Amino acid sequence: MVCGGFACSRNALCALNVVYVLVGVLLVGVAGWARGLGMGSSPPLLGGAFAVGVFLLLIAGLGLLGALRHHQVLLFFYVLILGLVFLCQLGVSCACLALGREAQVGHGVTPRTPQNTPGTPQCQFPPGGVPPCPPCAPQLLQHSDQALKILGGVGLFFSFTEVLGVWLALRFRNQRDPRANPRAFL
């Protein structure tokens with residue numbers, strides 16, 4: 001059997017889609033973790049990372065099904081949608097990496113002390129005294145920055161593997177199944 005033949009292409013496409021499932025779960029998990037802990041400086045950005053992760057999971061399922069059945073229509077839509085997911089994931093990943101601490105402070109993560117937090121009881125400490133707890137904004141910014149860097153790095157790396165997935169799916173789509181009827185068209 002020749003490397004790059006039908007079975008090799010199908011196995012490579014299946015393995016790549018399993019990796020996409022893992023990346024989708026990672027993107028959804030990190031975005032949900034950051035959002036759940038309130039560390040996200042930009043809810044639309046975390047929402048975008050969450051949405052890209054969910055779409056990547058759905059597309060990986062479509063790609064697995066299309067590869068295992070060698071289904072022309074599923075592979076066509078897989079290639080089309082994976083190309084769109086590549087563009088979205090590239091944009092969200094670059095935005096995650098570009099959002100620095102200064103931009104996070106400008107986008108709504110402002111240091112809040114116990115005195116100016118709306119909807120919470122006022123801390124009681126002597127005038128001129130020290131508040132009972134340190135402000136948490138620097139810690140939130142550190143964790144938010146860390147979550148955005150993880151999302152951006154993983155998303156950027158795997159967005160370029162999606163180009164490989166598009167190429168591999170197009171190549172596999174145009175190969176003839178050796179087990180099929182030799183008189184069949186494709």
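Two rings of Phe, Tyr or Trp are taken as an aromatic pair if their centres lie within 6.5 Å, and a pair is edge-to-face if the planes are over 60 degrees apart. By this rule, the count in the present structure, a predicted model, comes to 3 aromatic pairs. One of them is formed by F76 and F77, with 5.3 Å centre to centre and 75° between the planes, an edge-to-face arrangement. Both members of this pair are accessible in part: F76 is partly exposed, with a relative accessible area of 40%, and F77 is likewise partly exposed, at 41%. Another pair consists of F86 and F160, whose ring centres are 6.0 Å apart; because the planes stand at 65°, this pair is also edge-to-face. The F86–F160 pair links distant parts of the chain, with F86 in helix α3 and F160 in helix α5, 74 residues apart. The two rings differ in exposure, since F86 is buried at 16% relative accessible area, whereas F160 is partly exposed at 48%.

With regard to the overall architecture, the protein chain contains 5 helices and 0 strands, and its pattern along the sequence reads α-α-α-α-α. Of its 186 residues, 38% count as buried. Among contacts with a separation of 6 or more, 80% are between residues 24 or more positions apart. The accessible surface of the chain amounts to about 10,500 Å², and carbon and sulfur atoms account for 72% of this area.

In soluble globular proteins, nonpolar side chains tend to be buried together. In this model, the largest nonpolar core comprises 37 residues, and the residues with the most contacts inside it are L13, Y20, Y78, L82 and L151. At least two residues of this core are supplied by each of α1 (6–36), α2 (43–69), α3 (72–98) and α5. Helix α1 gives the most, with 10 residues. The surroundings of L82 were examined further: when neighbours within four places in sequence are left aside, L82 is in contact with Y20, L56, I59, E162, G165 and V166.

Side chains of opposite charge can pair when their charged atoms come close. The structure holds 1 salt bridge, in which the side chains of D145 and K149 meet at 4.0 Å, N to O. Both residues lie in helix α5, 4 residues apart, which corresponds to about one turn of the helix. D145 is buried, because its relative accessible area of 16% is under the 20% cut-off. K149, by contrast, is partly exposed, with a relative accessible area of 34%.

Two further residues outside the helices were considered. H70 is found in the loop between α2 and α3, and its phi is near 50°, a positive value in a residue other than glycine. With a relative accessibility of 12%, H70 counts as buried. Q175 is located in the segment after α5 (137–173). The side chain of Q175 makes a polar contact with the side chain of S9, at 3.4 Å. Q175 also counts as buried, because its relative accessibility is 14%, under the 20% limit.

Methods:
Residues are numbered from 1 along each chain as its sequence is written. This is a predicted model: local features need pLDDT of at least 70, side-chain atom pairs count only at pLDDT 80 or more; totals for chains, interfaces and linings use all residues. Side-chain values use heavy atoms; hydrogens and water are left out. Buried means under 20% relative accessible area, exposed over 50%, partly exposed in between (1.4 Å probe, protein chains only). A polar contact is a pair of N or O atoms within 3.5 Å; within protein, one must be able to donate a hydrogen and the other to accept it, and residues adjacent in sequence count only if both atoms are side-chain atoms. A nonpolar core is a set of buried Ala, Val, Leu, Ile, Met, Phe, Trp, Tyr and Cys residues joined through side-chain atoms within 4.5 Å. Contact means heavy atoms within 4.5 Å. Rings of Phe, Tyr and Trp (its six-membered ring) pair if their centres lie within 6.5 Å; planes under 30 degrees apart count as stacked, over 60 as edge-to-face and the rest as tilted. Accessible areas come from the Shrake-Rupley method with a 1.4 Å probe; for residues, only the protein chains shown count as cover.
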